Amino acid sequence: MNDVSKKEFLDDIAGEMAKLLKKPIPAVMVMLDNCFMDMNRSEDTVFFSEFRYVMPQEFDGDKSGFMKQFADTMLAVIQKHTKVDPYRIYMQFTEMDRQSAWHYTE
């Protein structure tokens, strides 16, 4: 992935996360790190992603619906930019407590 496509990927991920989380772009941080990973003793490309978030209040009664939407959206963006086999993409989601999470201020 060249520098231009990395920037497009990060911008796409940040934009989708901002929409899902109902946050302004400056309140979303994304990082792409190219490192060696091994999964099932295969040299095929693998993608590990970690998402830390505060769930939008409108989903308080439907966490599973929010998580499905979040996971499906992130999987689609990752596949669009990387073409990695979906069985070699691992996503970890960590819900942050609203009180202890970083607070964005303009």
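A residue is classed as exposed when its relative accessible area is over 50%, and as buried when that value is under 20%, with partly exposed residues in between. By this criterion Arg52, at 56%, is exposed in the predicted model. The side chain of Arg52 is joined to that of Glu50 by a salt bridge with an N to O distance of 2.9 Å. Glu50 has a relative accessibility of 38% and is therefore partly exposed.

The structure contains seven salt bridges, including the pair just described. Side chains of opposite charge can pair when their charged atoms come close. In a further pair, Asp12 is bridged to Lys80, with 3.0 Å between the closest N and O atoms. This contact connects distant parts of the chain, since Asp12 belongs to helix 1 and Lys80 to helix 2 (residues 63-82), a separation of 68 residues. Asp12 has a relative accessible area of 19% and is therefore buried.

A salt bridge also forms between Lys68 and Asp72, at an N to O distance of 2.5 Å. Both residues are located in helix 2, where four residues, or about one turn of the helix, separate them. Lys68 is exposed, with a relative accessible area of 53%, whereas Asp72, at 39%, is partly exposed.

Met37, Phe48 and Tyr90 together make a nonpolar surface patch of about 280 Å². Met37 is situated in the loop between helix 1 (3-21) and strand 1 (47-53). A patch residue must have over 30% relative accessible area; Met37, which is partly exposed, has a value of 31%.

Notes. Residues numbered from 1 in each chain as written. Predicted model: local features only at pLDDT ≥ 70, side-chain atom pairs only at ≥ 80, totals over all residues. Heavy atoms only, no water. Patch = residues over 30% accessible without salt bridge, like charges linked within 9 Å, V, L, I, M, F, W, Y side chains within 5 Å. Areas by Shrake-Rupley, 256 points an atom, 1.4 Å probe, with all protein chains shown as cover. Salt bridge = Lys/Arg side-chain N within 4 Å of Asp/Glu carboxyl O. Helix = DSSP H or I, 4+ residues; strand = E, 2+ residues; numbered from the N terminus. Buried < 20%, exposed > 50% of the residue type's maximum accessible area, 1.4 Å probe, protein only.
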